[in-house]
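Welcome, and please open your viewer. We will go from stop to stop, with something to select at each one.

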Amino acid sequence: MNPGIIQTKEAMATATNAVAQQSAEETKPLTIGVLALQGDYEAHARAFAQAGARTVLVRKPEELKGLDGLVLPGGESTTMLKFLEKKGFFDTLGEFVANTPCFATCAGCILVAREVLHPKQRSLGVLDATVERNAYGRQIDSTILTLPTELPGGPLEMVFIRAPRITRVGPGVEVLAKRNGFPVLVRQGNLLVATFHPEMTSDARVQQLFLEMVRRHKSGSLQSATAPAGMPTTS
Ligand code: GLN
């Protein structure tokens, strides 16, 4: 038999296996980690479980392995920082946030920002933005607002609790919602950030958006991991 034909058959079998493997991976539920050092991580885990994801609470750097995405919850960023620094977790988390889909809310937003003010505070520096802590006042000034967003389905209820204010965003940051002209929901590549608490309302559109980002990222990496050499990796 013509060796060219055998080679072609083998290549086709490899490609078919790769496609089967990829679609098996794609139908698995997404595994979403929730950083559980402090704050309202349980509410996030519940919201993502309801949205159809498998959720895992993350307390150690090694627990980041195998996650499709990670949530950095609201709470108290100074306390989270203390835990991150004590466990040598800070650098591993910074690298993870830079390379994997992450969803950061409130204190999480403070942790991922490039610059934190009021007062100045160490941060992972992934989101090209300046964030002012407690910018709307004290606990008593916390509020619930329904504001327009770029998400399909009309205005969104937003719970602000001692929320930070994003006062500057870089050119690579897409603003999906604003409060009084300041961004409250932004996206930079695989990083979705809210200064409010989507896990505290029954509207799951922000979680759905994040899961969609995670799905897209996962199928992109699966395509490049399973495509035989020479096969196009984009559709
Ligand atoms: N005020 C908190 C901080 O500075 C954030 C509040 C929240 O996460 N709801 O870390």
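What covers the buried residues of α3? The cover includes α4 (90-99) and α5 (107-112). Keep in mind, as you look at these helices, that this is a predicted model.

**Stop 1: helix α3**

Select residues 77-86, which make up α3, and colour Ser77, Met80, Leu81 and Leu84, the buried residues of this helix. Now turn the view until you look down the axis of α3: its buried residues fall within an arc of 100 degrees, so they line one face of the helix. Then add Gly88, which follows α3 and has a positive phi, near 60 degrees.

**Stop 2: helix α2**

Move to residues 41-50, helix α2, and pick out Tyr41, His44, Ala45, Ala47 and Phe48, which are buried. Look down the axis once more: the buried residues of α2 fall within an arc of 165 degrees, so they line one face of this helix. Just after α2 comes Gly52, with a positive phi of about 105 degrees.

**Stop 3: around the ligand**

Which residues surround the ligand? Select Gly74, Gly75, Glu76 and Ser77, then Cys106, Ala107 and Ile110, then Arg133 and Asn134, and finally Ile161 and Arg162. Colour this shell by class and you will find four nonpolar, four polar and three charged residues. You have already met Ser77, as one of the buried residues of α3.

**Stop 4: Phe103**

Next, select residues 102-105 to show strand β4, where Phe103 has its place. Is Phe103 buried or exposed? Phe103 has 30 other C-beta atoms within 10 Å, and a residue counts as buried from 20 upwards, so Phe103 is buried. Leaving out neighbours within four places in sequence, show its contacts: Gly69, Val71, Leu192 and Phe210. Try a distance label between the C-alpha atoms of Phe103 and Gly69; they are separated by 7.9 Å, with the two residues 34 apart along the chain.

**Stop 5: Leu211**

Stay with Gly69 and add Leu211: these two residues are 142 apart in sequence, yet 8.3 Å apart in space, C-alpha to C-alpha. Leu211 lies in helix α6, residues 205-226. Leu211 has 22 other C-beta atoms within 10 Å and is buried. Setting aside residues up to four places away in sequence, Leu211 touches Leu30, Ala51 and Ala53.

**Stop 6: the nonpolar core**

Which members of the largest nonpolar core touch the most other members? Select Cys109, Val112 and Val193; the core they belong to has 59 residues. Zoom in on Val193 and display Ala104, Cys109, Val112, Leu127 and Val186, which it touches when residues up to four places away in sequence are not counted.

**Stop 7: the whole chain**

Zoom out and switch to a cartoon view: the chain has six helices and 12 strands. Of its 235 residues, 36% count as buried. Among contacts with a separation of 6 or more, 64% are between residues 24 or more positions apart.

**Last stop: confidence**

Finally, colour by pLDDT. The mean for the chain is 90, and 84% of the residues reach 70 or more. Select residues 230-235, where pLDDT stays under 50 and the model has four contacts beyond four places in sequence. Where pLDDT is low, the predicted coordinates should not be read in detail.

Notes. Residues numbered from 1 in each chain as written. Predicted model: local features only at pLDDT ≥ 70, side-chain atom pairs only at ≥ 80, totals over all residues. Buried ≥ 20, exposed ≤ 12 C-beta atoms within 10 Å, placed from the backbone. Helix = DSSP H or I, 4+ residues; strand = E, 2+ residues; numbered from the N terminus. Arc of directions from axis to C-beta. Near = placed C-beta within 6 Å. Nonpolar A, V, L, I, M, F, W, Y, C, P; charged D, E, K, R; others polar. Contact = placed C-beta atoms within 7 Å. pLDDT = per-residue confidence, 0-100. Core = buried A, V, L, I, M, F, W, Y, C linked by C-beta atoms within 7 Å.
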